[in-house]
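Reader: Please take a close look at one part of this model, the long helices of one chain, and describe their ends, their spans, their bends and their packing in a connected account.

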Amino acid sequence: MIVWLIVLLGLGRAPTTHTVEIRGMEFHPAVLTVAAGDTVVWVNRDIVPHTATATGRTKWDTGQLTQGRTGRYIAHARGTARYACTLHPTMHGTLRVR
Amino acid sequence: MSRSRYQAALTVAALVCATSLHAQNAAAAPDLSDPEVAHVAVTANNIDIDMAKFAQTRTHNAAVKQFAQTMITDHTAVNQQAAALAQKLGVTPADNAVSQSLQSGAKQARASLERLHGAAFDRAYLDREVAYHQAVLDAIDKVLVPTTENAELRKLLTDVRPAIATHLEHAKQLRGQLGSPSRTSK
């Protein structure tokens, strides 16, 4: 019964790390769904630098990532956050935190 | 094959300069070697970097300034990659007639931009950036990638292509935001 309750409350779940690859001037995957507490890692595979920067109310920013560098964000705020690359405003991604 | 590579480079020069080279120059020019083709690529990047540096001193528009900074950052990164590849392959980029033609075209473009200020400058600069990146994109797709023999050089061109396409979209988007058509742009 207690175990059931823990599972229901999600307390037994260890946080997971998800990776978003930046390649070909796109975020892969462009839409990512994670659980609150999970970590999202962006890795830049492109020659040119990029950022992953939240454009909504919740502010987070990987800063400028040169080729091969990674930036991370622990997704605490539930909801849907859109983000973009500040250097290339035509690049967009979505992070859903449930 | 070296002949077609030379023609490819000429096409790049023609596209990027938006001017055609004289047939007599083409006939007199030597075949372009790999080091010369590398020089053309580096020159094309440097031209956009220099234009962006000039734009940063002239524009008062924050978005145009940011766009210019992205051009400096990205084309510098591409040149660093090209330099690393050249070093790895033991190739020293060599100056040539096509690179010189590119530089002369850039000088002319710079001269016409230097006469402009304010919104007229912003529109003309972005018009040129749209035309320049479209020309480079066409050259990569139709000429450079199909004719480049060295696999690593071809991969570099393929890797760079999405950045050029993104720059083009960014320039178009910004140009659209500036509104009325430029009477001063070409």
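Author: In this predicted model, the N-terminal end of helix H7 of chain B is capped by Asn150(B), a side-chain oxygen of which lies 2.9 Å from the backbone nitrogen of Glu152(B). Such a polar contact is a pair of N or O atoms within 3.5 Å, one able to donate a hydrogen and the other to accept it, and residues adjacent in sequence count only if both atoms are side-chain atoms. Helices are DSSP runs of H or I with at least four residues, numbered from the N terminus. Residues are numbered from 1 along each chain as its sequence is written, and chains are lettered from A and ligands numbered from 1 in the order in which they are written. Local features need pLDDT of at least 70 and side-chain atom pairs pLDDT 80 or more, while totals for chains, interfaces and linings use all residues, and side-chain values use heavy atoms, without hydrogens or water.

Following H7(B) along its length, one meets a kink of about 30° at Arg161(B), which lies shortly before the proline Pro162(B); the bend is the angle between axes fitted to the seven residues ending at a position and the seven starting there. With this kink at Arg161(B), H7(B) still agrees with its expected span (1.5 Å times one less than the number of residues), because its 27 residues should cover 39 Å and its end C-alpha atoms are 40 Å apart. Beyond H7(B) comes Gly179(B), whose phi is positive, near 85°.

The partner of H7(B), residues 151–177, is H6(B), residues 118–147, and the axes of these two helices come within 9 Å and cross at roughly 155°. H6(B) is therefore roughly antiparallel to H7(B), a description that applies to angles over 145 degrees, taken between N-to-C directions of axes fitted to C-alpha atoms over the stretch in contact. H6(B) itself bends by about 45° at Ile140(B), yet its end C-alpha atoms, 42 Å apart, agree with the 44 Å that its 30 residues should span.

H6(B) also pairs with H3(B), residues 34–58: here the axes come within 11 Å and cross at roughly 165°, so H3(B) and H6(B) are likewise roughly antiparallel to each other.

A further helix of chain B, H4(B), can be read in a similar way from end to end. At its start, a side-chain oxygen of Asn61(B) reaches to within 2.8 Å of the backbone nitrogen of Ala63(B). The 28 residues of H4(B), numbered 62–89, then reach 40 Å from the first C-alpha to the last, close to the expected 40 Å. Just after H4(B), Gly90(B) takes a positive phi of about 70°. Thus an asparagine side chain lies at the start of H4(B), as Asn150(B) does at the N-terminal end of H7(B), and a glycine with positive phi comes after H4(B), as Gly179(B) does after H7(B).

Methods. Axes fitted to C-alpha atoms, helices over the stretch in contact; angles between N-to-C directions. Parallel < 35°, antiparallel > 145°, perpendicular 65-115°, else oblique.
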